[in-house]
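Biologist: Please take me through one part of this model in detail. I would like a single connected account of it and its surroundings.

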Amino acid sequence: MAQEADIADLKQCAGSEVVISGWLAGRRSGGKIVFLLVRDGTGVCQCIVEPGDAVAFGCAETLSLESSVRVTGTVRADKRAPGGAEIAVSDIRVIHAADGDYPISRKAHGVDFLMAHRHLWLRSGTQTAILKIRHTLIRACRSFLDELGFTLVDTPILTPGAGEDAQSLFPVDYFGKKVFLAQTGQLYLESACMALRRVYCFGPTFRAEKSKTRRHLAEFWMIEPEVAFAELDDVIQLAEDMVRSVVSEVLKLHEHDLAHLGRDIASLTKVRKPFARISYSDAVDLLRSEELGGRLAQEMEQDRVRLEEQIAALKQLEARLAKTGNSREHDHIADNILSARETIAELEKDLASRPDHIQSARNFQWGNDLGGSDETIISGHFETPVFVTHYPREAKAFYMKILPEDRRLVCNMDLLAPEGYGEIIGGSQREEDAAVLLERIGESGLDPADYSWYLDLRRYGSVAHGGFGLGIERILSWICGLKHVRESIAFPRFAGRMDM
RNA sequence: UCCAGCGUAGCUCAAUGGUAGAGCGGGUGGCUGUUAACCACUAGGUUGCAGGUUCGAGCCCUGCCGCUGGAGCCA
């Protein structure tokens, strides 16, 4: 009797008869043989149908893409099959014959088109790989904290309006009162950590800025640990241990998925080393240094050469395309042309903006916040993720602790991911002195009345404490090597778009 | 909000100011081991919208709409 099986387990079932349930992901036919590609969420399996059974064969020949099916057959190992095992089909039951106009083919599509069909795009191999890695990442984050004795405390989604940065918040009508979607759970967590010492929250967070970049979402998920009796160094150590732990967990469980995404794992294995640390002031000196300017100029020259090589390669491809008659080869060359054009366009854009970036690094004024290009330059200087610490107080939020030795600075840190992925963590030690905090609230033009409960935390057993926020989509994009954070979440909200 | 780029077949893209094309996908037929199969045939277009220049505009000019991602802001 045929056993129900997941495609992922087929290798262990060689020789036995199984039933798999899934969807038709592809079909090729060879006259008297049909190859069905069936996916079931655990993997993809090639199913062979031969004309012995006329009913099954006829069905296989006409089955439309993405139809749901139950396929019965004998598992056999075969080197020619993707994955090393295939099913010799004895029976096909069509659960639902899909309409014949499934919009996503196995050929190239633009991201815009795919995003408009996000509900179907999720079925693709790359997208399921990302979703699985995301699941592991979140579980690893939570396990890491759980094992250190952290308690999960859920913070509210609806929050009262807080002062001036209201243009970055989504307003919501709350029984006739204007409130806002939360952009952090931090202030609430500070209360909770005075009760439980080590706490964290994990949930959606909302930013109303109309940021049209590949690093921004309007709705994203953030995990935020907060610890009492902790100073900045403790917070940094926690962040480093956590990132190292979750990256190694993903590497351990998802080698295959990362390979499917074309991710170069070598760069991820470097998180085993201690992360680099640099103070804001040292980072400014680095940006302004002759040495760095020279290195950047040299890199630019190398990229110029790369660009010329790419253009030459493109011309050759175009010449070959004009000559070829074979459709398969034509297709292959056309694909290479597309990716060559994309590389060239990106390089050209990059090279065009590079002189500005170099210039602005060279002229960087102490006191400004680091821009995106500055972060990329700094992270490019190190092979591990790098903590940048102790920013000028004017550039940062009111709740960050003033550094006693240099009151121009705050005890904060940002963790910059390698390869230009930017800030994946932002955190700080919090100001625990009520008087200083009150002063900072005033400086920031906020109303102390809005923060009376927050000030209370400094009136009753105040202690050094701090924490950070880790952006799930940002770190996932880095781990998976994605070009855009929108692929790191199933149903993204970005730049005002809401396709579904 | 500012800056830049793009908008041609269902999809991905071509097309010196001079007859709008290819590949994929769809349809039909063929093929017993394909790997994004292949071969032959076939259908498919208000070139984002509105003006303008020109003998002639997909291409040049103006305005509008839409999209993209960079600045700002940040995870």
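Which domains does the assignment give for chain A? Then look closely at helix H15 (residues 472-480) and the core it helps supply.

Modeller: This is a predicted model. The domain assignment divides chain A into domain 1 (3-96), domain 2 (118-275 + 384-488) and domain 3 (292-359). Domain 2 is thus written as two segments. Between domain 2 and domain 3, the C-alpha centres are 37 Å apart.

Now the helix. H15 is mostly covered, with 8 of its 9 residues buried. Those buried residues are Ile472, Glu473, Ile475, Leu476, Ser477, Trp478, Ile479 and Cys480. The list includes Glu473 and Ser477. Just past the end of H15 comes Gly481, with a positive phi of about 70°.

Two residues of the helix deserve attention. The largest nonpolar core has 50 residues, and Trp478 and Ile479 touch the most other members. Several elements each supply at least two residues of this core. The helices are H4 (125-147), H6 (232-253) and H15. The strands are E11 (198-206), E12 (219-228), E15 (412-417), E16 (422-429) and E17 (465-471). H6 gives the largest share, 11 residues. As a rule for soluble globular proteins, nonpolar side chains tend to be buried together.

Take Ile479 by itself. Leaving aside residues up to four places away in sequence, Ile479 touches Ile133, Leu137, Val247, Val250, Leu258, Arg263 and Leu268. One of these contacts, Arg263, is a charged residue. A separate core of 29 residues lies apart from this one; Leu296, Ile344, Phe364 and Ile377 are among its members.

Two loops touch on elements already named. Phe229 sits in the loop between E12 and H6. Its phi is near 60°, a positive value in a residue other than glycine. Phe229 is exposed, with a relative accessible area of 55%. His390 also has a positive phi, near 60°. His390 belongs to the loop between strand E14 (386-389) and E15.

Last, the cavity search. Across the whole structure, 1 cavity of 30 Å³ or more is found. The largest cavity has a volume of about 60 Å³. Its lining comprises Met115, Arg118, Phe491, Pro492, Arg493, Phe494, Arg497, Met498, Asp499 and Met500. By class, the lining holds 6 nonpolar residues, no polar ones and 4 charged ones.

Definitions and conventions:
Residues are numbered from 1 along each chain as its sequence is written. Chains are lettered from A and ligands numbered from 1 in the order in which they are written. This is a predicted model: local features need pLDDT of at least 70, side-chain atom pairs count only at pLDDT 80 or more; totals for chains, interfaces and linings use all residues. Side-chain values use heavy atoms; hydrogens and water are left out. On a 1 Å grid over the protein atoms alone, a cavity is a set of points where a 1.4 Å probe fits but cannot get out, and a pocket is an open set with protein on both sides within 12 Å along at least five of seven lines; lining residues have an atom within 4 Å of a point. Grid points are joined across faces, edges and corners, and a volume is the space filled by probe spheres set on the points. Domain bounds come from an automatic or database domain assignment. Buried means under 20% relative accessible area, exposed over 50%, partly exposed in between (1.4 Å probe, protein chains only). Helices (H or I, at least four residues) and strands (E, at least two) are DSSP runs, numbered from the N terminus. A nonpolar core is a set of buried Ala, Val, Leu, Ile, Met, Phe, Trp, Tyr and Cys residues joined through side-chain atoms within 4.5 Å. Contact means heavy atoms within 4.5 Å.
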